[in-house]
Amino acid sequence: MDKYECPCGYVYDPAEGDYENGIAPGTSFEDLPDNWVCPKCGAEKEYFEKI
């Protein structure tokens, strides 16, 4: 699965998920809820870029 980076530098890694926001490891970026935002700066998914 691909990693995605926020303009603030946060990287969403599907292998790790987002534990603090209830996202289980193994959740692809595409499967994140529409209301998920960057846990570091609050940016919406549309601002992330595939790395």
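What radius of gyration would a compact globule with 51 residues have, and what does the protein have? A compact globule of that length would come out near 10 Å, and the protein has 10 Å, which agrees. Keep in mind that you're looking at a predicted model. Below is a quick tour, going from the whole chain to the strands, then the aromatic rings, and finally a few residues in the loop between β2 and β3.

**The whole chain**

- Taken along the principal axes, the C-alpha atoms fit in a box of roughly 20 × 20 × 15 Å.
- Of the 51 residues in the protein, 35% are buried.
- The accessible surface adds up to about 3500 Å², and carbon and sulfur atoms hold 45% of that surface.
- Take the contacts with a separation of 6 or more: 42% of them join residues 24 or more positions apart.

**Strands and sheet**

- You'll find 0 helices and 3 strands here.
- Reading from the N terminus, the order of elements is simply β-β-β.
- The 3 strands make an open sheet in the order β2-β1-β3, and the pairing is antiparallel.
- That leaves β2 and β3 as the edge strands, each of them pairing on one side only.
- Between β1 and β3 there are 2 bridges, again in the antiparallel sense.
- If you want to spot that pairing in the model, look at Y4, whose bridge partner in β3 is K50.

**Aromatic rings**

- A pair of aromatic rings is described by how far apart the centres are and by the angle of the planes.
- The count here is 8 aromatic pairs.
- One of them is Y4 with F29: the ring centres are 4.0 Å apart and the planes meet at 15 degrees, and since planes under 30 degrees apart count as stacked, so does this pair.
- Y4 belongs to strand β1 (residues 4-5) while F29 sits in the loop between β2 (11-12) and β3 (49-50), so the pair ties together parts that are 25 residues apart in sequence.
- Are Y4 and F29 buried or exposed? Both of them are buried.
- Now try Y10 and F48, with ring centres 6.5 Å apart and planes at 85 degrees; because an angle over 60 counts as edge-to-face, that is the label for this pair.
- Y10 comes from the loop between β1 and β2 and F48 from the loop between β2 and β3, so to speak two distant parts of the chain, 38 residues apart, that the pair links.
- Y10 and F48 are buried as well.
- Step back and you'll see a cluster: ring pairs link Y4, Y10, Y12, F29, W36 and F48.
- F29 has a charged visitor too, as the charged end of K45 sits over the F29 ring, 5.4 Å from its centre.

**E30, in the loop between β2 and β3**

- E30 is part of the loop between β2 and β3.
- Its relative accessibility is 51%, and because the cut-off for exposed is over 50%, E30 counts as exposed.
- Setting aside neighbours within four places in sequence, E30 is in contact with Y4 and K45.
- E30 and M1 are 29 residues apart along the chain, and their C-alpha atoms are separated by 9.9 Å.

**K40, in the same kind of setting**

- Where does K40 sit? Its place is in the loop between β2 and β3.
- K40 has a relative accessible area of 60%, so it is exposed.
- Apart from neighbours within four places in sequence, K40 is in contact with C8 and Y10.
- The C-alpha atoms of K40 and V11 are separated by 9.7 Å, with the two residues 29 apart along the chain.

**Y47, also in that loop**

- Y47 is another residue found in the loop between β2 and β3.
- With 45% relative accessibility, Y47 counts as partly exposed, because that class lies between the 20% limit for buried and the 50% limit for exposed.
- Which residues does Y47 touch, not counting those up to four places away in sequence? They are E5 and P7.
- Y47 and C8 are 39 residues apart along the chain, with 9.8 Å between their C-alpha atoms.

Key. Residues are numbered from 1 along each chain as its sequence is written. This is a predicted model: local features need pLDDT of at least 70, side-chain atom pairs count only at pLDDT 80 or more; totals for chains, interfaces and linings use all residues. Side-chain values use heavy atoms; hydrogens and water are left out. Rings of Phe, Tyr and Trp (its six-membered ring) pair if their centres lie within 6.5 Å; planes under 30 degrees apart count as stacked, over 60 as edge-to-face and the rest as tilted. Helices (H or I, at least four residues) and strands (E, at least two) are DSSP runs, numbered from the N terminus. Buried means under 20% relative accessible area, exposed over 50%, partly exposed in between (1.4 Å probe, protein chains only). A charge sits over a ring if NZ of Lys or CZ of Arg is within 6 Å of the ring centre and within 35 degrees of the ring normal. Two strands pair if DSSP finds at least two bridges between them. Contact means heavy atoms within 4.5 Å. The radius of gyration is taken over C-alpha atoms; the globule rule is 2.2 Å times the number of residues to the power 0.38. Accessible areas come from the Shrake-Rupley method with a 1.4 Å probe; for residues, only the protein chains shown count as cover.
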